[in-house]
Amino acid sequence: MHRRGFLAAGLATILSGSRALAQMKMDGMSDMDSMPGMGGHAGHDMGAMSNGPAALPEGEALRELPMLANEAGQPGLFKARLTAAPATARFAADQDTPILAYNGMSPGPLIEAHEGDRVEIAFANRIEGEQSTIHWHGMPVPADQDGNPMDPVAAGAERAYAFELPEGSAGSYWYHPHPHGKTAEQVYRGLAGAFVVKAKADPVPAAYGDTVLMFTDLRLAADGSMPDNTMIDQMNGRVGDHVLVNGQKNPRLAVAMGSKRRLRLYNATNARFLRLAFDGAAMTIIGTDGGLLEKPVAAEEIMLSPAERIELVVAFDRPGAATLTTLDYDRGWMGAGRPADAGLTLLTVDVSQTPGEAMPPLPERLRPIAPLGRPAVSRRLVFTETMAMNATGMEMGFLINGKAFDMERVDIVARAGETELWEIVNQADMDHPFHVHGTQFQVIEHERDGKVSKPPYLAWKDTVNVARGETVRLLLRQERPGPRMYHCHILEHEQLGMMGIVDVQA
Ligand code: C2O
Ligand code: CU
Ligand code: CU
């Protein structure tokens, strides 16, 4: 099904600031009646995002994500199976929630492999009536192994994914489905997992541990089910009622006073922007999407837009509770029901009264990052949202350079091994986190209201937020040939057209 845009019928327009919001319905949707807020009853789903969020238990001990077992039994090879299938989860007491899961769990099992390994994953799609894929978000894998929408795995079918992890590729990646028109839904129903590539020689002391914290965003109806997306969700991206960490709401973690912990934070939500601070503990940024920084950077707060990751070392030097909380962030919201962003406690760390064993210090240098250098080509990608009148009503589109995604169209032809400058221009009313497949890039400049600023540190990234009215300039080089997707990682926007294809030629 093509969901290039959607129609606003009847112009039941509500004004929100300078923006107009209309009661809309999907263009060409056959399952319209099953979607709340699609059929009529203007206002029904406009404010309240669900019929009263269910209460979720808080304060359970933080679960480490279960690891995907390596079945290879030989060094240098990681071999396993991942099956996407319906499952049930227990979020609220006494209620089973139907979800989609990898190997029965959501988030999916943690994959941990090493630089230099070969990875072979047999994937089975057991989602009835839906295509799926596994996309290896951020990873340097060949184009035909990257789970693009052009390579769907039919319902009931299997396929093998295989790739090598090059030297220097250690980082915090993830995996999720990417089928045409179904990515947003399969992800919010539960399909996403972390993929950590470990370095051969890791400069971060092992005593800090290594904990993945994967944030997802759950909306639960009173009966324990996950409601379908509403029109508001299609426009803004789906934001849930509960931000979960490794599937739990505000879990607790006990640490000894004076300890340092290495934490990998993942924003695996469809559309929630997470501006975070630790109350009672000091944060140091040590890595981003594509691995370690050159040197640690102290931070008062961090910002994770959808799909971004950040690696932290957190020092717990004060006894008592240290909490990871959200701060307010205005990412541009269309219509009613802007979710409360600030003041959510995502994680509570209980720091002991008595000090633990002394921890080794964090080294001053982590690894070198070579700047990508002079670009051979420069390109400009302009993000817009449009609302246009046509015969049936108002049509909204999420566009790049005036075009909605077309799987049959190549938007950019690039050359493998050549450095390019990409200028991402956001002329829309919402922030759009830009992501490109197959490589990591380096952000070199932000521009807003004619003011140019440099990022605070050099880093490897595969996703960067482009705030409304902002221009982000980045350097990127694709090493491997083949078609690659680039898109907004608000998955509903990706689905509604904000995606393109760069064909990398050898
Ligand atoms: Cu998480 Cu096309 O990507
Ligand atoms: Cu990706
Ligand atoms: Cu977007």
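Is His 493 buried or exposed? Select His 493 and have a look: at 0% relative accessibility, this histidine counts as buried. Keep in mind along the way that you are looking at a predicted model.

**The whole chain**

Zoom out before going further. The protein chain has 506 residues, and 58% of them count as buried. Colour by secondary structure and you should find 3 helices and 34 strands. Among the contacts in the chain with a separation of 6 or more, 76% are between residues 24 or more positions apart. Now switch on the surface: about 19100 Å² is exposed, with carbon and sulfur atoms supplying 51% of that area.

**First copper stop: ligand 3**

Go back to His 493 and add the copper ion (ligand 3). His 493 coordinates this ion through ND1, together with His 432 (ND1) and Cys 488 (SG), at 1.9 to 2.1 Å. Along the chain, the donors follow the spacing H-x55-C-x4-H. Click on Cys 488 as well: it is buried, at 0% relative accessibility.

**Second copper stop: ligand 2**

Next, select the copper ion (ligand 2). Its coordinating atoms are NE2 of His 135 and NE2 of His 435, at 1.9 Å. His 135 belongs to strand 9 (residues 135-137) and His 435 to strand 28 (residues 432-436), so this pair ties together parts that are 300 residues apart in sequence. His 135 is buried, with 0% relative accessibility, and His 435 is buried too, with a relative accessible area of 0%.

**A glutamate with two backbone partners**

Now select Glu 385, which sits in strand 24 (residues 377-390). What does its side chain reach at 3.1 Å? The partner there is the backbone nitrogen of Asp 429. Look also at Met 430, whose backbone nitrogen lies 3.2 Å from a polar atom of the Glu 385 side chain. At 15% relative accessibility, Glu 385 counts as buried, because the cut-off is under 20%. Show its surroundings and, leaving aside neighbours within four places in sequence, you will find contacts including Met 334, Met 396, Phe 398 and His 432. You have met His 432 already, as a donor to the copper ion (ligand 3).

**Aromatic pairs**

Time to show the rings of Phe, Tyr and Trp. The count comes to 14 aromatic pairs. Begin with Trp 136 and Phe 195, an edge-to-face pair with 5.9 Å centre to centre and 90 degrees between the planes. Trp 136 is in strand 9 and Phe 195 in strand 12 (residues 193-198), so distant parts of the chain, 59 residues apart, are linked by this pair. Both ends are hidden from the surface: Trp 136 is buried at 0% relative accessibility, and Phe 195 is buried with a relative accessible area of 0%.

Move on to Phe 383 and Phe 434. Their pair is tilted, at 6.2 Å centre to centre with 50 degrees between the planes. Phe 383 lies in strand 24 and Phe 434 in strand 28, so the pair ties together parts 51 residues apart in sequence. Phe 383 is buried, with a relative accessible area of 0%, and Phe 434 counts as buried at 0% relative accessibility.

For a wider view, select Tyr 102, Phe 123, Trp 136, Tyr 161, Phe 163, Tyr 175 and Phe 195 together: ring pairs link them into a cluster.

**Last stop**

Finish at Tyr 188 and bring up Arg 238. Arg 238 lies over the face of the Tyr 188 ring, at 3.7 Å from the ring centre.

Key: Residues numbered from 1 in each chain as written. Chains lettered and ligands numbered in written order. Predicted model: local features only at pLDDT ≥ 70, side-chain atom pairs only at ≥ 80, totals over all residues. Heavy atoms only, no water. Donors = N, O, S within 2.8 Å, 3.2 Å for Na, K, Ca; no water. Helix = DSSP H or I, 4+ residues; strand = E, 2+ residues; numbered from the N terminus. Buried < 20%, exposed > 50% of the residue type's maximum accessible area, 1.4 Å probe, protein only. Polar contact = N/O pair within 3.5 Å; in protein donor to acceptor, adjacent residues only side chain to side chain. Contact = heavy atoms within 4.5 Å. Areas by Shrake-Rupley, 256 points an atom, 1.4 Å probe, with all protein chains shown as cover. Phe/Tyr/Trp six-rings, centres within 6.5 Å; stacked < 30°, edge-to-face > 60°. Lys NZ or Arg CZ within 6 Å of the ring centre and 35° of its normal.
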